[in-house]
Amino acid sequence: MIKLFYSPGSCSMSCHIALEEAGLPYEAIRVDWENPNASLAEMERLNPLGVVPVLVSEQGKTLTQNAAILEYIADAKPSSHLLAPVGSWERSETMAWLSFVAADLHKAFAPLYALKRMSNSESGRAEIKSWAVNQIHSLLSHVDNQLQGKDFLTGKNFTIADAYLFVVVSWSKDLKIQTTAYSNLSATLDRIYRRPAVQNVFKAEGIQS
């Protein structure tokens, strides 16, 4: 059985959603840095970088990094239609969006979670925060524009890119970044939120929806 090491609400949630969407048998193993236990030790053994997600395949092989894990899950269950077939334009389009979320949007949020480590001064932190929030709004505006006339990032079908987008944008709430002005994005996020697989993951990770 597939094993997924995750932390509630973190980027690993996208992999958790993909597993639910695919209907693959799996075991979700929670990692808690505040209460070190055997699960944390095992995750750190599997991934020396000490971060989630970490997936262990049925064959006992270890895979890290959201994009790679999401692609693996989608390909393990082609009938889930989480990713189009190899060689298709639709697959490349989904992978482009997946790369965007990983390399641009996800990274834009990183400074906001590391302000105290990035600067010792209040003014320095304020400048970093302002820059990061501006970057996030610029990226969200781009996504909103691209979603015009679409249900999801690539059209009518929910894909692994949508799962990743949903989780990353959800961090805006905790960081008090307003996203209501992005009507197309808000509509897409609501569609994703209402999916049974997403609701199952919220419940499993103990997150208040």
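## Exercises on a predicted model: sheet, pockets and a buried serine

In this predicted model, 4 strands come together as an open sheet of mixed pairing, in the order β2-β1-β3-β4.

**Exercise 1. Determine which strands form the edges of the sheet, and describe how β3 is joined to β4.**

Solution. Begin with the ends of the strand order: β2 (26–30) and β4 (62–64) are the edge strands, and each of them pairs on one side only. The average turn between neighbouring strands of this sheet is 20°, with direction ignored. Now follow β3, residues 54–56, to β4: the two strands run antiparallel and are joined by 3 bridges. Within this pairing, Val 54 stands opposite Thr 64 of β4.

**Exercise 2. Describe the largest pocket by its volume, its lining and the elements that supply this lining.**

Solution. The space in the largest pocket comes to about 1,400 Å³. Its lining consists of 42 residues, and those nearest the centre are Gly 9, Ser 10, Tyr 113, Ser 170 and Trp 171. Turning to the elements, at least two lining residues are supplied by each of α3 (66–76), α4 (89–109), α7 (160–174) and α8 (183–193), and the largest share, 8 residues, belongs to α7. Sorted by character, the lining holds 20 nonpolar, 17 polar and 5 charged residues.

**Exercise 3. Describe the second largest pocket in the corresponding terms.**

Solution. The volume of the second largest pocket is about 250 Å³. It is lined by 16 residues, with His 81, Leu 83, Ala 84, Pro 85 and Asn 157 lying nearest the centre. The elements that contribute two or more residues to this lining are α3 and α4, and the largest share, 3 residues, comes from α4. By character, the lining of the second largest pocket divides into 6 nonpolar, 6 polar and 4 charged residues.

**Exercise 4. Locate Ser 88, decide whether this residue counts as buried or exposed, and find what its side chain reaches.**

Solution. First, the position: Ser 88 belongs to the loop that runs between α3 and α4. Next, the classification: Ser 88 has a relative accessible area of 18%, and since a residue counts as buried when this value is under 20%, Ser 88 is therefore buried. Finally, the contact: the side chain of Ser 88 reaches the backbone oxygen of Pro 85 at 2.7 Å. Pro 85 has already appeared in Exercise 3, where it is one of the residues nearest the centre of the second largest pocket.

Key:
Residues numbered from 1 in each chain as written. Predicted model: local features only at pLDDT ≥ 70, side-chain atom pairs only at ≥ 80, totals over all residues. Heavy atoms only, no water. 1 Å grid on protein atoms, 1.4 Å probe; cavity = no way out; pocket = protein on both sides within 12 Å on 5 of 7 lines; lining within 4 Å. Points joined across faces, edges and corners; volume = space filled by probe spheres on them. Nonpolar A, V, L, I, M, F, W, Y, C, P; charged D, E, K, R; others polar. Buried < 20%, exposed > 50% of the residue type's maximum accessible area, 1.4 Å probe, protein only. Polar contact = N/O pair within 3.5 Å; in protein donor to acceptor, adjacent residues only side chain to side chain. Pairing = 2+ DSSP bridges. Axes fitted to C-alpha atoms, helices over the stretch in contact; angles between N-to-C directions.
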